[in-house]
Amino acid sequence: MEKEDARYQTLEQLHERRKQVIRLHKKGIKVMQIVAMSGLSHPTVRATIDLFEAGGWTNLRTAPRGRIKGDGRVLIAAQEKALQRMIIDKRPGQLRLNFTGPEQ
């Protein structure tokens, strides 16, 4: 089976694959056979089994990915819009940004 990139799967799909790994493990199938059957990597299969053994089925739930929208922002929305408008309306030399060359 060809390995799939899990980054492009939904959280529900990832959860189903983890459940599949555990069902196969409970049937007594060895880790390397599960790797071959599922298309997951050895570290992923091993980590899934370890998670299950540490906390059961509830431990297999996948956590949401990425940052929360707006997390780490310094400016408020109005300040962002004003800054964007300033940059759009002028050339870099007019703004006297330090990375620009002499204005022509």
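**Helix packing and salt bridges, question by question**

Student: How does α1 pass α2: in a right-handed or a left-handed crossing?
Tutor: Keep in mind that this is a predicted model. Helix α1 covers residues 11-26 and helix α2 covers residues 31-38. Where α1 passes α2, the crossing is right-handed.

Student: And are α1 and α2 oblique or perpendicular to each other?
Tutor: Let's start with the numbers: α1 and α2 pack with their axes 10 Å apart, at an angle of about 140 degrees. Angles over 145 degrees count as roughly antiparallel, and 65 to 115 as roughly perpendicular. The angle of about 140 degrees fits neither range, so the word for α1 and α2 is oblique.

Student: Which residues of α2 does α1 meet?
Tutor: Look at α1 to begin with: its side of the contact is made by R17, Q20, V21, L24 and H25. Across from them, in α2, you'll find I34, M37 and S38.

Student: How many residues in that contact of α1 with α2 are nonpolar?
Tutor: Sort the contact residues by kind. One is charged and three are polar. V21 and L24 in α1, with I34 and M37 in α2, are part of the contact, and these count as nonpolar. That makes the nonpolar count four.

Student: On to charges! How many salt bridges are there?
Tutor: Side chains of opposite charge can pair when their charged atoms come close. Here a nitrogen of Lys or Arg has to lie within 4 Å of a carboxyl oxygen of Asp or Glu. One pair that makes the cut is R73 with E80, at 3.4 Å. The full count of salt bridges is five.

Student: How many residues apart in sequence are the parts that R61 and E12 tie together?
Tutor: The side chains of R61 and E12 meet in a salt bridge, with N to O at 3.6 Å. E12 sits in helix α1, while R61 is in the loop between α3 (42-55) and α4 (77-89). So the pair ties together parts whose separation in sequence, in residues, is 49.

Student: By about how many helical turns are R85 and D89 separated?
Tutor: These two side chains also meet in a salt bridge, 3.4 Å from N to O. Both residues are in helix α4, four residues apart, which means a separation of about one helical turn.

Student: Which of R85 and D89 counts as exposed?
Tutor: A residue needs over 50% relative accessible area to be called exposed. R85 has 46%, so R85 is partly exposed. At 52%, the residue that counts as exposed is D89.

Conventions
Residues numbered from 1 in each chain as written. Predicted model: local features only at pLDDT ≥ 70, side-chain atom pairs only at ≥ 80, totals over all residues. Heavy atoms only, no water. Axes fitted to C-alpha atoms, helices over the stretch in contact; angles between N-to-C directions. Helix = DSSP H or I, 4+ residues; strand = E, 2+ residues; numbered from the N terminus. Parallel < 35°, antiparallel > 145°, perpendicular 65-115°, else oblique. Left-handed = near helix turned anticlockwise from the far one by under 90°. Contact = heavy atoms within 4.5 Å. Buried < 20%, exposed > 50% of the residue type's maximum accessible area, 1.4 Å probe, protein only.
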